[in-house]
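Trainee: I'm new to this one and don't want the full tour. Could you pick a single part and take me through it slowly?

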Amino acid sequence: MSLFDTRVPAVLLRTDRNPFHHGTLGAVRSLGRAGVDVHVVADCAHSPVRASRYVTGLHTPPPPGASTEEIAAALRRVAARIARPAVLIAMDDACAVAVSRARAELAPAFLLPDQPGGLPERVADKAELAGVCASLGVPHPETLVPDGPAEAARAAWRLGLPVVAKWSRPWLVPPGGGLRSTVLVRSAREAGELYRRAEEAGSRLLLQAFLPPGPDRDWFFHGYADRTGAVRAGGPGRKTRARPRGAGLTAVGRWSPNPQVQALAERVTGELGYRGVFDLDFRRCGATGGYHLLDFNPRPGAQFRLFTDSAGLDVVRALHLDLTHRALPDGVARPGRTFVVENYAPLSALRPAPDGRELAWHAPDDRAPGRALWSLWGRHVSGRLLDRARRRRGRPAAGAPARARVVRQAGAPPADRADPAGRAGLPDRPDDDRAGSH
């Protein structure tokens, strides 16, 4: 008999248009292998995900930037087609926030964790997260939220250049406009100019002290907080290769025991009363050795399949089992296991892995996505190179973002008259409390 209630399908929801979102394929395979029907509400027209044998149905998603009402309406249409309750899994932050807002409306058709109202939105917002960490006493990069371009410039000076600039709600950043959710700012003038694009970005600009990357400094924790609040499945992992290097997504990750990271993750989720799947990012401070919480993602991380224990349990399976009132098996952790995203780290996919390895795209029981990857990825890379060549010749491709202007280091901005010491109302930065992007 299956551990799973296979009468209950799963619906994966994503409005992000990234065709190479391997986390979606991981969720499709994880639940599909368990005998669960998996419906995908995402743009998979040019994605290897659509080729998976475990996809039961593909449904048209709302557009990027869709309102909560539009997302709820799309889910109601999917629910009418499925015609039975389903476990709903948001695969990006925008959808996690929308589902949380529309929970009462969606609950009759979809099974969802009993989450405190507004909590996913609170932790996903980068500015709000700084306040959450302060209230819990959890290390976090010193964060300043300026009120204008001049204050942004002063904040950059006070934190110490370079600084990390983030939009507090990155899911609102429009595609194709040249804005990135996170960027390393190297001059005060650049910080001020970036602030002027806040209306375009759709949320507040925040500046954070920068903690340089280094060996063994980037960590993450994936978990599932069950109906009682206990953290089940998942574990701590170390980012051994990132794209881009030092500040990007996990190209190679390794399951590595870390009691400090585990304790922080359990304390944060426990004190907040969080329920459901979560993905936390940490960076260890080279000076103090403390782990700073950089991001709290209220949904599965793309590399969640790294944490598959001896019983086959991962965070997505834990969610389905718990919401259908099935017992979660007690498996044994598999430290040393690695996860490799082949299109970002092809050589790592070929190296020996004595402790076990899972690839993001290639799988012996589901070969079609792996085959589809390379032709789609080749076209993607060729298109990027062609666009870059056109920009260098001064002829941007249609719809391509404008090339960023190089901003030289500005002189120190004048202090407010009310603060002759030059602090401009900004708090002093402790010497041992620097952190940055991941």
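Mentor: The accessible surface of the protein comes to about 19,400 Å², and carbon and sulfur atoms hold 50% of that; such areas come from the Shrake-Rupley method with a 1.4 Å probe, and for residues only the protein chains shown count as cover. Bear in mind that this is a predicted model, where local features need pLDDT of at least 70 and side-chain atom pairs count only at pLDDT 80 or more, while totals for chains, interfaces and linings use all residues. Residues are numbered from 1 along each chain as its sequence is written, and side-chain values use heavy atoms, leaving out hydrogens and water.

Of the 438 residues in the protein, 53% are buried, meaning under 20% relative accessible area (over 50% is exposed, in between is partly exposed; 1.4 Å probe, protein chains only). Take the contacts (heavy atoms within 4.5 Å) with a separation of 6 or more: 68% of them link residues 24 or more positions apart. There are 12 helices and 16 strands, all DSSP runs numbered from the N terminus (H or I, at least four residues, for helices; E, at least two, for strands).

Now for the part I'd pick: strand 10, residues 218–225. Eight of its eight residues are buried, so the rest of the structure largely encloses this strand. Look at the two faces in turn. On one side sit Asp218, Phe220, His222 and Tyr224, and on the other Trp219, Phe221, Gly223 and Ala225; every one of these is buried, which leaves both faces covered.

What about its partners? Two strands pair if DSSP finds at least two bridges between them. Strand 10 runs antiparallel to strand 13 (residues 276–284), and eight bridges join the two. To find your place there, start from His222, which stands opposite Asp279 of strand 13.

Strand 11 (residues 231–243) also runs antiparallel to strand 10, this time with six bridges between them. Here a handy marker is Phe221, whose bridge partner in strand 11 is Pro236. Follow the chain from strand 10 into strand 11 and you go round a hairpin with five residues between the strands, where Gly229 takes a positive phi near 95°.

So, to trace it yourself, begin at Asp218 and check the buried residues on each side. Then find His222 across from Asp279, step to Phe221 and its partner Pro236, and finish at Gly229 in the hairpin.
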